Amino acid sequence: MLIQSKVEKIKVISNKEVAKDIYQMSFAASLHAVPGQFINIKVKDCYLRRPISIANIEEDHFEIIYKVVGEGTKILSNYQSNDILDILLPLGNGYTLVENKKVLVCGGGIGIPPLLELIKQLKKYNNEVIFLIGLNDINENIYQDYHPIICTMNKSEYFNGNVIDYLKANHLDYNYVYACGPMPMLNALQKYVTCEGQISIEERMGCGFGACVGCTCKTKHGYKRICLDGPVFEIKELDLDEY
Ligand SMILES: Cc1cc2nc3c(=O)[nH]c(=O)nc-3n(C[C@H](O)[C@H](O)[C@H](O)COP(=O)(O)OP(=O)(O)OC[C@H]3O[C@@H](n4cnc5c(N)ncnc54)[C@H](O)[C@@H]3O)c2cc1C
Ligand code: FES
């Protein structure tokens, strides 16, 4: 099945717990999407769909990685191989890919998954990538294959602090930034970095396709809808001061 943007019934290939409360779910479909786009999943017994980023796109399947934080993601974690899900996809604008740059890709918590497909694609365009991530718990590190620099607050052999502490303590050579993570992290990053870049916002949503205006964010050009105008914005464009 080749998918453009619309509602589809899609078969689950697998849905496995890869760290405590973190699941990797794989779907049987060929998806035409760019990194940073997301899907909106109808979950049994929940009125609102749940938006989750696309983490990996392969020829005949794609994957998401999500954390169980409430009712919807708990129900999602119970789906099994061969179940059929009603999904609206692909949604949002996604990241614009740069070429021949030294790129800092910076993620925090459940903002990390969309950066995985992004890193794959950036490498195809001759970019040097530094991958810097912040994790609340080192046991949530399921990203070893992408060779991240890890920052964590729980005592471990990794950097003890957040990603901004790391950037302040270490001189990293980069001239472009991509980021996704909690709003306070994005706010601090926006203030710290001087180069251009793009950040993606994962705030709460209603419809997911621009109809309800339930997902606005403040930008230098007025309010915009995260689901339709974003979730990716130019780093300098956003007004994140309230976070
Ligand atoms: C564009 C986009 C992409 C996303 N990508 C991912 C992803 O790849 N992986 C992933 O795990 N999650 C992702 N999220 C967040 C995910 O949509 C929510 O965690 C999920 O909808 C929560 O549903 P729930 O019913 O389990 O929790 P609820 O019962 O609705 O809420 C439980 C708790 O989680 C908080 N919460 C709910 N939604 C969000 C949110 N969007 N941001 C911050 N806190 C929230 C609530 O305030 C509450 O404290 C994304 C969100 C957006 C908008
Ligand atoms: S979620 Fe409805 S307009 Fe964005």
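The exercises below work through the fold of the chain, strand E8, helix H2 and the surroundings of ligand 1.

The model is predicted, so that local features need pLDDT of at least 70 and side-chain atom pairs count only at pLDDT 80 or more, while totals for chains, interfaces and linings use all residues. Residues are numbered from 1 along each chain as its sequence is written, and chains are lettered from A and ligands numbered from 1 in the order in which they are written.

**Exercise 1.** Describe the secondary structure of the chain and decide how compact the chain is.

*Solution.* Begin with the DSSP runs, in which helices (H or I) need at least four residues and strands (E) at least two, numbered from the N terminus; the chain has four helices and 18 strands. Next, take the radius of gyration over C-alpha atoms and set it against the globule rule, 2.2 Å times the number of residues to the power 0.38. The radius is 17 Å, close to the 18 Å that the rule gives for 243 residues, so the chain is as compact as a globular protein of that length.

**Exercise 2.** Find the strands that pair with E8, and name a residue pair for each.

*Solution.* Two strands pair if DSSP finds at least two bridges between them. Strand E3 (residues 22-28) runs antiparallel to E8 and is joined to it by six bridges, with Tyr 66 of E8 as the bridge partner of Tyr 23. Strand E7 (residues 56-57) is also antiparallel to E8, through two bridges, and here Asn 56 stands opposite Glu 63. A hairpin of four residues connects E7 to E8.

**Exercise 3.** List the buried residues of H2 and state what follows the helix.

*Solution.* A residue is buried if 20 or more other C-beta atoms, placed from the backbone, lie within 10 Å of its own. In H2 this holds for Pro 113, Pro 114, Leu 115, Leu 116, Glu 117, Leu 118, Ile 119 and Leu 122. After H2 comes Asn 126, which has a positive phi, near 60 degrees.

**Exercise 4.** Characterise the shell around ligand 1 by residues, elements and domains.

*Solution.* Count residues whose C-beta atom, placed from the backbone, lies within 6 Å of the ligand. There are 22 residues around ligand 1, of which Ser 53, Tyr 66, Gly 70, Gly 72 and Thr 73 come nearest. Strands E6 (50-53) and E8 (62-67) and helices H1 (71-76) and H2 (113-124) each give two or more residues to this shell. Finally, domain 1 (2-91) and domain 2 (102-234), with bounds from an automatic or database domain assignment, each supply at least three shell residues.

Notes
Buried ≥ 20, exposed ≤ 12 C-beta atoms within 10 Å, placed from the backbone.
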